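I opened the model to look up a few local features and the general layout. My notes follow in the order in which I went through them.

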Amino acid sequence: MRYSQLFGKTSKTAPTDADSVNAKLLTQGGFIQKEISGVYNYLPLGLRVLNKIQNIVREEMNKIEGQEILMPAMTSEEGWVTTGRNAMDVLFHLKGQGDTNLVLNPTHEEVVTPLVQKYVFSYRDLPMAVYQIQNKFRNEARAKSGLLRGREFNMKDLYSFHTDEADLDRYYEIVKKAYFEIYKRIGLGDITVLTFASGGAFSPFSHEFQTLNENGEDTIHLCKKCKVAINKEIIDTQKTCPECGNDKLEAVKATEVGNIFKLRTKFSEAFKFYYSDQNGQDKIVEMGCFGFGPSRTMGTIVEACHDDKGIIWPKSVAPYQVHLVGLDLFEENIKTQAEKIYQDLLDKNIEVLFDDRSDVTAGAKFADADLIGNPIRLVISKRSLENGGVEFKNRNKEKSEILPLDSFLNKIIAK
Ligand code: ATP
Ligand code: MG
């Protein structure tokens, strides 16, 4: 992509209403643009990041036999009346034709349970799991902190269905592992901890995945040894590490990026969802639900991975792998070399953002490269050519090096 053609540009100044690092840097970097409070447009750079996070999540859900579906965001209020959750504060209500009562779903138990009920009748149909990646709507009391707490936000929600509790327990552990793999792959593995939270009426615990960062909204109580934590809802009843019994837990700030839950029979009872077992007897279905917030995760990555110059994207979710800065492009020879490097990268399927502007200073181009935060910066200029090639620098390192023009590709592919 040529920067000169890119829709959505960086801006020199931070938005005046940005209340968080992620809102500031993502807006200034041309990734997102606020529509209304808690609702954002994703510009091309931002959508590339969101898509990458979603695709990692999708791959890991597919590996554990999750089948992707897409449910409607807007449905009748009926399911919500059935479960008694239609009075929830965050639920957006609307009126359809003929005065029908509709809702914008903040989560999908009320939709998925009756949907799966249409296809699952026998023990032979179980276990099964479906998931979707979709926008949710919640009328949050205070939308804030950029992508961290939106009124419209992106969620992956997986729902699993089982013949009995033991099978739900088995699958729950499988999903937990898949979540750890996701956080590892998106570059948050080292700072994301399993956090014990209250389990509701049926189960002793649910689990949150909390990413440690100074600006996090939540306070969790961390066992540094086990890297597990307890959230503030249950710290009064559980004062020691659930894994090792350690009572020296440390209060730290974090952001909830995922939440997994044994629903047990809460929703299957509400919808009278039974299956027939091997003896032909009706048994209640056991359910699990597993939420992950791709948009909040995108904001959290920025909160955790930045410096005073801008974002430092982990390689797996960066909008582009290479930020190619062309300087002195008014010189025909340099322009030709820069275009050739750009083409070589494209030919090797290396994602590249080429700053091909001819009306911008070198300083402004470097500032933009740091703000946008792609992992590798390449500079081709009069000086780099005099020094023998193209200048290579990692976003998260100070030192740069000159790579010869005939071999720079190997180095980039190896990185
Ligand atoms: P919170 O306690 O932060 O309000 P929640 O527990 O209500 O979140 P869940 O219903 O568990 O959220 O949703 C699953 C995931 O969706 C969360 O772990 C989070 O990553 C994401 N998420 C929830 N609410 C929001 C929101 N308002 N904006 C962005 N992401 C959200
Ligand atoms: Mg939660």
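**Entry 1. A helix residue.** I began with Asn-333, which I found in helix H8, residues 332–347. The model is predicted, so I take each value as computed from it. I looked up the accessibility of Asn-333 and got a relative accessible area of 48%. The cut-off for exposed is over 50% and that for buried is under 20%, so Asn-333 counts as partly exposed. I also took its distance to Asp-164: the two are 169 residues apart in sequence, and their C-alpha atoms are 71 Å apart in space.

**Entry 2. The whole chain.** I then stepped back to the chain. I counted eleven helices and 23 strands. Along the principal axes, the C-alpha atoms fill a box of roughly 80 × 60 × 45 Å. The chain has 415 residues, and 52% of them are buried. I looked at contacts between residues at least 6 apart in sequence, and 67% of these join residues at least 24 apart.

**Entry 3. Backbone outliers.** I recalled that most residues other than glycine have a negative phi and that most peptide bonds are trans. I went looking for exceptions.

- Asn-349 has a positive phi, near 60 degrees, and is not a glycine. I placed Asn-349 in the loop between H8 and strand S20, residues 352–355. Its relative accessibility is 71%, so Asn-349 counts as exposed.
- Lys-272 also has a positive phi, near 50 degrees. It sits in the loop between helix H6 (266–270) and strand S14 (274–276). I noted Lys-272 as exposed, with a relative accessible area of 59%.
- The peptide bond from Leu-126 to Pro-127 is cis, and its omega is near -5 degrees. Pro-127 is in the loop between helix H4 (109–117) and strand S7 (128–137).

**Entry 4. Helix H9.** Which residues of H9 are buried? In this helix, residues 362–372, I listed Lys-365, Asp-368, Ala-369, Asp-370, Leu-371 and Ile-372 as buried. I then asked what covers the buried residues of H9. The cover includes helix H1 (21–28) and H2, together with strands S18 (310–311), S19 (322–326), S20 and S21 (376–380). Gly-373 follows H9 and has a positive phi, near 85 degrees.

**Entry 5. H2 against H5.** H2 had come up as part of the cover of H9, and I looked next at how H2 packs with H5. Helix H2 spans residues 44–63 and helix H5 residues 165–185; their axes are 10 Å apart, at an angle of about 155 degrees. Angles over 145 degrees count as roughly antiparallel, so I wrote H2 and H5 down as roughly antiparallel to each other. Their crossing is right-handed. On the H2 side, I found Ile-56, Val-57, Glu-59, Glu-60, Met-61 and Lys-63 in the contact. These meet Ala-178, Tyr-179, Glu-181, Ile-182 and Arg-185 of H5. By class, the contact of H2 with H5 has six nonpolar and five charged residues, and no polar ones.

**Entry 6. The magnesium ion.** Which residues coordinate the magnesium ion, ligand 2? I found Glu-256, entered twice through OE, and Asn-259 through ND2, at 2.0 to 2.8 Å. I checked Asn-259 for accessibility as well: at 23% relative accessibility, Asn-259 counts as partly exposed.

Terms used:
Residues are numbered from 1 along each chain as its sequence is written. Chains are lettered from A and ligands numbered from 1 in the order in which they are written. This is a predicted model: local features need pLDDT of at least 70, side-chain atom pairs count only at pLDDT 80 or more; totals for chains, interfaces and linings use all residues. Side-chain values use heavy atoms; hydrogens and water are left out. Axes are lines fitted to C-alpha atoms, for helices over the stretch in contact, and angles run from 0 to 180 degrees between N-to-C directions. Helices (H or I, at least four residues) and strands (E, at least two) are DSSP runs, numbered from the N terminus. Angles under 35 degrees count as roughly parallel, over 145 as roughly antiparallel, 65 to 115 as roughly perpendicular and the rest as oblique. A crossing is left-handed if the near helix is turned anticlockwise from the far one by less than a right angle, and right-handed if clockwise. Contact means heavy atoms within 4.5 Å. Ala, Val, Leu, Ile, Met, Phe, Trp, Tyr, Cys and Pro count as nonpolar, Asp, Glu, Lys and Arg as charged, and the others, Gly among them, as polar. Donors are N, O and S atoms within 2.8 Å of the metal (3.2 Å for Na, K and Ca); water is not among the atoms, so sites may look incomplete. Buried means under 20% relative accessible area, exposed over 50%, partly exposed in between (1.4 Å probe, protein chains only).
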